[in-house]
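Please open the entry in your viewer and keep the sequence panel beside it. The stops below are meant to be selected in order, each with a short account of what is there.

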Amino acid sequence: MRFSRLLVPTTKETPNDATLASHIYLIRGGFIQSVGGSGLYNFLPLGKKVLDKVRAVVKEELDKVGCQEVALSFVTPASLWEESGRFEKYGKELLRFKDRKNNDFILGPTHEEMMVNMVRQTVKSYKQLPLNLYQINLKFRDEIRPRFGLMRGREFLMKDGYSFHASQEDMEREFNLMEETYKKIFTRLGLEFRVVAADSGAIGGSGSKEFMVLADSGEDTIVVCDNCDYGANIEAAIRQEKVCEAEAPEAVFSKFHTPDTKTIEALSTFFHVDPYYLVKTVAKKALYDEGKSETVLFALRGSDELQEVKACNAVGANDLIEVTEEELSEAGLVAGYMGPTTAPEGIKVVYDNNMKNASSMICGANEEDYHLIGNDFKGIDAAYADLVAVQENDLCSCCGEPLRYTKGIEAGHIFQLGTQYSKPLGANFLDENGKAQPMVMGTYGIGVSRLLAAIIEQNHDDKGCIWTKASAPFDLQILVSNIKDEAQLALGEKLYASMLEKGVDVLLDERKDRFGAKMKDYELLGVPYAVVIGKKLADGLVEFVTRDGMVKEEISIDAISPLLNEKF
Ligand code: ATP
Ligand code: MG
């Protein structure tokens, strides 16, 4: 490609809504263009080129392991989403609309229903299973806060894959295969990433993993162990059970007057006791289907923090929200003095797993200004769940070393679905005995357009993009410093032709512009390598530039062709 012909409107101006490097450089480099400033983007030629390169890597690796590409209608009949129950449940992110005949439709934010619908019409027997079908197609989510450019758009490109199996074991085999395949994809793209355990909602277990591209600007907090492979999303992180060196407040069970001690801190000071021996009782309002709700108490050690997603899953709710003081008193609960053992009849209480062996504990008496001391929770019959938010320096449950927080960008997500969609949508197959069974499913996503942002978040400097080899818009850029200098232009054209001949994707900058402006564009666009043909050509020298670090080497013109042959 010749730069003079390329539609690449580079600019020095930072868009005023942009804070992230990827957002700034993708716009400034003329890769993408904002449409109306609300999470919608046009891809200009260079942006489209990078997108296609990333997409090709994704496709190649998936096809290698037997996945089959399809393309599903982007406009989805609402009736399918009514079958799965999601039409009502999915929030405002779902764009709903009607056609001229007054039929309801949606723009697909994800395509489980559509894919299940395709498969239920075409697959009847166990002999046709397993199947792994995917598409690389548009999604629309009416995000409440679209931001950071391609990172969180409203319309975006996703690879979404769905697998169908005759058994749970076979689905788990495919899930593991997808994990390995995703690792290959992210490695080929030149990304530093971590596979982390993710929240898998009501399903639980290790049925959900996220692929996190490590970057300080990431929106997700992940918990990692530097000693072993362990990594998890904060919502799914686990730790070794804590121990406490401080002395336990041994006491006979009794009620104790504790005026003005409504917080763990105040209580700890009052009794001179480590918060480990205090019960933190957190009230939340749990929201369920069909507008149902209830007040729930979560009881954990005072030294721990409640992880709300874990708590929400523990009661199978759709969401947890704050309870108002009024709702608390209506439920017969005394704010600041709540306790799990004195909760009024009918109030659900969930204990954290770490409370199973807790003794010598102090908890609220559910009475103004009173706590109960000498509580022993050992062996009580209660509902337990993991409710704890893992903190930095908590110990790794795998190897015992301290855990650390870091930031990541969620670029991929794989999930064991089971029969969550096949059952309501009636996607059944006949097993070997001729018995109808619901297909067991997995689902696998990659944020293809988000990956462009993720690559730049991880690979940029203060001058612009530094594309990885597999994602770069060109393999090589040739800059002719002064096109009026015939020798410079002739060498540029000669190298350009020979590189094209070899199949190298090369960009020749033969514009009339000043050299400084061309170099600035080179740095902004971030092609991995460049040959700069300038004044020193008179001494038989050109410059070979590596974009990462802007490393410049002077090379004699005789050596340049062999060097390029070696590099490409
Ligand atoms: P997030 O937590 O970031 O909102 P998600 O968990 O809702 O994402 P999934 O439903 O798992 O997203 O979708 C699969 C992949 O699609 C994600 O891993 C992410 O890479 C990408 N993705 C999701 N939402 C967006 C968006 N608004 N813009 C760009 N990519 C997105
Ligand atoms: Mg996700």
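Which residues come nearest to ligand 1? Select ligand 1 in this predicted model and display its surroundings: of the 14 residues around it, Arg141, Glu143, Arg152, Gly153 and Glu410 come nearest. Two arginine side chains can then be examined one after the other, for a polar side-chain atom of Arg141 lies 2.9 Å from an oxygen atom of ligand 1, and an N or O atom in the side chain of Arg152 is likewise 2.9 Å from an oxygen atom of the ligand. Next add the backbone of Ala411, where a polar atom is found 3.4 Å from an oxygen atom of ligand 1.

**The magnesium ion**

Keep Glu410 selected and move to ligand 2, the magnesium ion, whose protein donors are Glu410, through OE, and His413, through ND1, lying 2.3 Å from the ion. Glu410 is thus a residue to view twice, since it is among those that come nearest to ligand 1 and is also a donor of the magnesium ion. Are these donors buried, exposed or partly exposed? Glu410 counts as partly exposed because its relative accessibility is 24%, and His413 falls into that class because its value is 23%.

**The cavity**

With Glu410 still on screen, turn to the enclosed space in the protein, where the count comes to one cavity of 30 Å³ or more, holding about 40 Å³ of space. To show its wall, select Met151, Arg152, Gly218, Glu219, Asp220, Gly408, Ile409, Glu410 and Arg450. Arg152 and Glu410 therefore belong in this selection as lining residues, besides being among the residues that come nearest to ligand 1. Colouring the lining by class gives two nonpolar, two polar and five charged residues, and strand β21, residues 403-418, makes the largest contribution, with three residues.

**The second largest pocket**

Now select Lys262, Thr281, Val282, Gly336 and Met338, which lie nearest the centre of the second largest pocket, among the 21 residues that line it. Which elements give two or more residues to this lining? They are α7 (264-271), β14 (279-287) and β18 (361-367), and β14 supplies the largest share, namely six residues. The pocket has a volume of about 380 Å³, and its lining divides into 11 nonpolar, six polar and four charged residues.

**Backbone details**

Two of these elements lead on to residues whose backbone angles deserve a look. Select His272, in the loop between α7 and β14, where phi is positive, about 55°, although the residue is not a glycine. His272 counts as exposed because its relative accessibility is 74%. Then go to Asn366 in strand β18, where phi is also positive in a residue other than glycine, with a value near 55°. Asn366, by contrast, counts as buried, because its relative accessibility is 13%.

For a further backbone feature, select Leu129 and Pro130, which are joined by a cis peptide bond with omega of about 0°. Pro130 is found in the loop between α5 (112-122) and β7 (131-140).

**Two glutamates**

Is Glu179 buried or exposed? Select it in helix α6, which covers residues 168-188, and note that Glu179 counts as buried because its relative accessibility is 9%, under the 20% cut-off. Its side chain makes a polar contact of 2.8 Å with the side chain of Lys209.

Continue to Glu432, in the loop between β22 (428-430) and β23 (436-438), a residue that counts as exposed because its relative accessibility is 64%. If you draw a distance from the C-alpha atom of Glu432 to that of Gln168, the separation is 16 Å, while the two residues are 264 residues apart along the chain.

**The whole chain**

Finally, clear the selections and zoom out. The chain has 14 helices and 29 strands, and its C-alpha trace spans about 95 × 65 × 45 Å along its principal axes. Of its 568 residues, 51% count as buried.

Technical notes:
Residues numbered from 1 in each chain as written. Chains lettered and ligands numbered in written order. Predicted model: local features only at pLDDT ≥ 70, side-chain atom pairs only at ≥ 80, totals over all residues. Heavy atoms only, no water. Donors = N, O, S within 2.8 Å, 3.2 Å for Na, K, Ca; no water. Buried < 20%, exposed > 50% of the residue type's maximum accessible area, 1.4 Å probe, protein only. 1 Å grid on protein atoms, 1.4 Å probe; cavity = no way out; pocket = protein on both sides within 12 Å on 5 of 7 lines; lining within 4 Å. Points joined across faces, edges and corners; volume = space filled by probe spheres on them. Helix = DSSP H or I, 4+ residues; strand = E, 2+ residues; numbered from the N terminus. Nonpolar A, V, L, I, M, F, W, Y, C, P; charged D, E, K, R; others polar. Near = heavy atom within 4 Å. Polar contact = N/O pair within 3.5 Å; in protein donor to acceptor, adjacent residues only side chain to side chain.
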